[in-house]
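Reader: I am new to this structure and would like to learn how to read it. Could we take the features one at a time?

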Amino acid sequence: MKAVLKINGTEVPVKFDFDEHLLQTLRNHGFTEVKNGCEEGECGACLVLLNGKPVNSCQVFTATAIGDEITTVKGIGTLHQPHIIQECFVEAGAVQCGFCTPGMVLATYALLQDNPDPSDDEIKRALSGNLCRCTGYVKIIDAVKRSARKMKIT
Amino acid sequence: MSEQKWYYTNSLDEACELLRDHTVLPHGGGTQLNNIDLSHIHGLLCLKDLNLNYIKQTSQEVEIGSMTTYADIVQKSTKISTDNILISALKNAANTPLRNRITIGGSLGFIPQWSDLIGPLLALEAKILLIGKNAGEYSLSQFWRHRDLLKSSLITAVRFRDFPHHAYHYRDVKTNNDMPLFTVSTLFDMDGERIKKPHVIIAGTRDRVSEITELENYLAGKKISELQESEVIRRVKVTFVGKRVTDPDYLASKTKIETWRSIIKAAENRL
């Protein structure tokens, strides 16, 4: 199948199979910041925003994302122009191997769009679909709080 | 086999026409379709343009469109009491990104073993609206017993009465993020101090869902102070299939204890 997907604000022509998932399509077309983890919707490494909502791209058939706004982590900030959330993850030491980080950052972004001042419980609930096997979450939650504080100031 | 196709429509009539072909499956959020073999089907019908993502209040009832996601039901609804048993169950179901994809219609179409949805909806005496070959309104318990109603038909909405109730939804999980091994949904009204119209639904059993009618009959008309733990436990008769992580007999025993605890917690919760 062929279609045009709107990824990070740009229209991108893509080719994909009938039962292909968005994760594979994105990676096949160069969006390798979307990580391939469990492929079961459990780990959140492949998380993207679909019309602003965090979803596991391994659970989304590409054919159903036509016409939707797809945002990967590079859509909110880059290496040279990082988003506040990305800076805060580094400052808080919430990044080790980095595999879960794109998903964590996007989940945080979606949370703070809806709720600029989340409680610990609200952070844990929002990040419930993102697993990290390195940091143990304390620093990640710290990074989310730090992001909330900084985003309010700016 | 001809080439597999995706179908897109914004017309319910056209959707019904397409579903007359049993090898075309409806796609809600897609999370269950990921678990089945799609090699034998001719196509998938994308339902996202059918305007079935809504929550509205009719005279006495709440109606939820079948394409409404768990997240939208929990976060966006001002039409359902925040403490309704359905809300308290769905806010803990799966995880955040999955709650943004799982639709109420898709869950009812498949009723997965781990569903957090079926128990609360049965307890709320929900009804299902179908269009297509078997168009009509069906009680969820009727729909559950006659799954062939779904052939060449499409779930468009779920309706239930949103009324103040005593309820508790227990999920048996190792961590919050787990799929539950079983759930116990307890709901009743009170007539003064006496229990009225009790529902006790256990999901995840050998039959997937079991309504514990013997226990419901015991509870009806009793004061909470009159309930005896041993009498409650004796009436919870469910069996489980062997699961990878635990023993079916252990689950059956645990269900009895958690059902008793759920009744007590429901009595304390005025929703």
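Author: We can begin with disulfides, bearing in mind that this is a predicted model. A disulfide needs two cysteine sulfur atoms within 2.5 Å. By that rule the count over all chains is 0 disulfides. Cys88(A), for one, is in no disulfide, and the nearest cysteine sulfur, that of Cys100(A), lies 16 Å away.

Reader: Is Cys88(A) buried or exposed, and why?

Author: Buried means under 20% relative accessible area. Cys88(A) has 0% relative accessibility, so Cys88(A) counts as buried.

Reader: Why does Cys132(A) form no bond with the closest cysteine sulfur?

Author: The closest cysteine sulfur belongs to Cys100(A), and the distance is 3.9 Å, which is too far for a bond. Cys132(A) also counts as buried, because its relative accessibility is 5%.

Reader: How do I read a helix, such as H3 of chain A?

Author: Start with the general idea. An α-helix has 3.6 residues a turn, so residues three or four places apart point the same way. Then compare length with expectation. Helix H3 of chain A covers residues 101-114, and at 1.5 Å a residue its 14 residues should span 20 Å; the C-alpha atoms at its ends are 20 Å apart, so the two agree.

Reader: How many residues of H3(A) are buried?

Author: The helix is mostly covered, with 11 of its 14 residues buried. Among them are Met104(A), Val105(A), Leu106(A), Leu111(A) and Leu112(A).

Reader: What do the buried residues of H3(A) pack against?

Author: Their partners, in chain A, are strands S3 (47-50), S4 (53-56) and S5 (69-71), together with helices H2 (84-91), H4 (120-126) and H5 (138-153).

Reader: How do I read the contact between chain A and chain B?

Author: Look at residues and area, then at the polar pairs. Chain A gives 26 residues to the contact and chain B gives 29 residues. About 2,200 Å² is buried between the two chains, with carbon and sulfur atoms giving 51% of that area. On the side of chain A, Phe18(A), Gln59(A) and Phe61(A) lose the most area to chain B, together 30% of what that side buries.

Reader: How many salt bridges cross the interface of chain A and chain B?

Author: The rule finds 2 salt bridges there. One of them can be followed atom by atom: Lys53(A) pairs with Asp72(B), with the closest N and O atoms 3.2 Å apart. Within chain A, S3, S4 and H4 each supply at least two residues of the side that touches chain B. The largest share of that side, 4 residues, comes from S4(A).

How values were computed:
Residues numbered from 1 in each chain as written. Chains lettered and ligands numbered in written order. Predicted model: local features only at pLDDT ≥ 70, side-chain atom pairs only at ≥ 80, totals over all residues. Heavy atoms only, no water. Expected span 1.5 Å × (residues − 1). Buried < 20%, exposed > 50% of the residue type's maximum accessible area, 1.4 Å probe, protein only. Contact = heavy atoms within 4.5 Å. Buried area = accessible area lost by both parts, 1.4 Å probe. Salt bridge = Lys/Arg side-chain N within 4 Å of Asp/Glu carboxyl O.
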